[in-house]
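Colleague: I have this chain open on my screen. Can you talk me through it?
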Amino acid sequence: MRGAQLAGRATLVDCGPLPARHGTRQPFREVITDIENALDLQQHKPGTLPRHTQYLHQRTAGRIGSLTRLIRQAAITAIHDGTERITKTTLDTIRLDHLAETQHRPRRSR
């Protein structure tokens, strides 16, 4: 019953992945920058996350929901461990949703 009530109040919006590039624009990087600007971590240096755009796009399969979960969990981790900053090492430790984890294929060094 509750599920039907909730389903009756929402509209499903099917969004595909956000492209890393669209012409000369970099929409995924812009989203990363906006999310980073909203962080309130005392030791986090602005520009850190946009430098990892390619990694973040690959890791999240370009999905904004996966990206926001990744950055949010990394921020929570940074608060809990007292570092108050997000690093790529921190991002690597965060598990994501099933879709992102199954589409993320780490590159093998040769």
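Modeller: We'll start with the overall fold, then go to helix packing and a few single residues.

Modeller: This is a predicted model, where local features need pLDDT of at least 70, side-chain atom pairs count only at pLDDT 80 or more, and totals for chains, interfaces and linings use all residues. Residues are numbered from 1 along each chain as its sequence is written, and side-chain values use heavy atoms, with hydrogens and water left out.

Colleague: How many helices and strands are there in the protein chain?
Modeller: Six helices and zero strands. From the N terminus the order is α-α-α-α-α-α. Helices here are DSSP runs of H or I with at least four residues, strands are E runs of at least two, and both are numbered from the N terminus.

Colleague: What box do the C-alpha atoms fill?
Modeller: Roughly 45 × 35 × 30 Å, along the principal axes.

Colleague: And what share of the residues is buried?
Modeller: 29% of the 110 residues. Buried means under 20% relative accessible area, exposed means over 50%, and partly exposed lies in between (1.4 Å probe, protein chains only).

Colleague: What about exposed area?
Modeller: The chain exposes about 7900 Å², and carbon and sulfur atoms supply 51% of that. The areas come from the Shrake-Rupley method with a 1.4 Å probe; for residues, only the protein chains shown count as cover.

Colleague: Now packing. At what angle do α2 and α3 pack?
Modeller: Helix α2 (residues 27-38) and α3 pack at about 100°, with axes 10 Å apart. That makes α2 roughly perpendicular to α3. The label covers 65 to 115 degrees; under 35 is roughly parallel, over 145 roughly antiparallel, and the rest oblique. Axes are lines fitted to C-alpha atoms, for helices over the stretch in contact, and angles run from 0 to 180 degrees between N-to-C directions.

Colleague: Which residues meet there?
Modeller: Phe28, Arg29 and Ile32 of α2 meet Thr53, Leu56, His57 and Thr60 of α3. Contact means heavy atoms within 4.5 Å. By class, that contact has three nonpolar, three polar and one charged residues. Nonpolar covers Ala, Val, Leu, Ile, Met, Phe, Trp, Tyr, Cys and Pro; charged covers Asp, Glu, Lys and Arg; the others, Gly among them, are polar.

Colleague: Is Phe28 buried or exposed?
Modeller: Phe28 counts as buried, because its relative accessibility is 0%. Beyond its neighbours within four places in sequence, Phe28 has contacts that include Leu18, Pro19, Gly62 and Leu67.

Colleague: Next pair. How do α3 and α4 cross?
Modeller: The axes of α3 (residues 53-60) and α4 (residues 64-81) come within 9 Å and cross at roughly 115°. So α3 is roughly perpendicular to α4. Leu56, Arg59 and Thr60 of α3 touch Ser66, Leu67 and Leu70 of α4. Those residues divide into three nonpolar, two polar and one charged.

Colleague: What sits in the loop between α3 and α4?
Modeller: Ala61 is in that loop. Its phi is near 60°, a positive value in a residue other than glycine. Ala61 is buried, with a relative accessible area of 13%. Phe28 and Ala61 are 33 residues apart in sequence and 11 Å apart in space, C-alpha to C-alpha.

Colleague: And what is the phi of Glu84?
Modeller: About 60°, so positive although Glu84 is not a glycine. Glu84 is in the loop between α4 and α5 (88-93).

Colleague: Last one: where is Arg72?
Modeller: Arg72 is in helix α4. Arg72 counts as partly exposed, at 48% relative accessibility.
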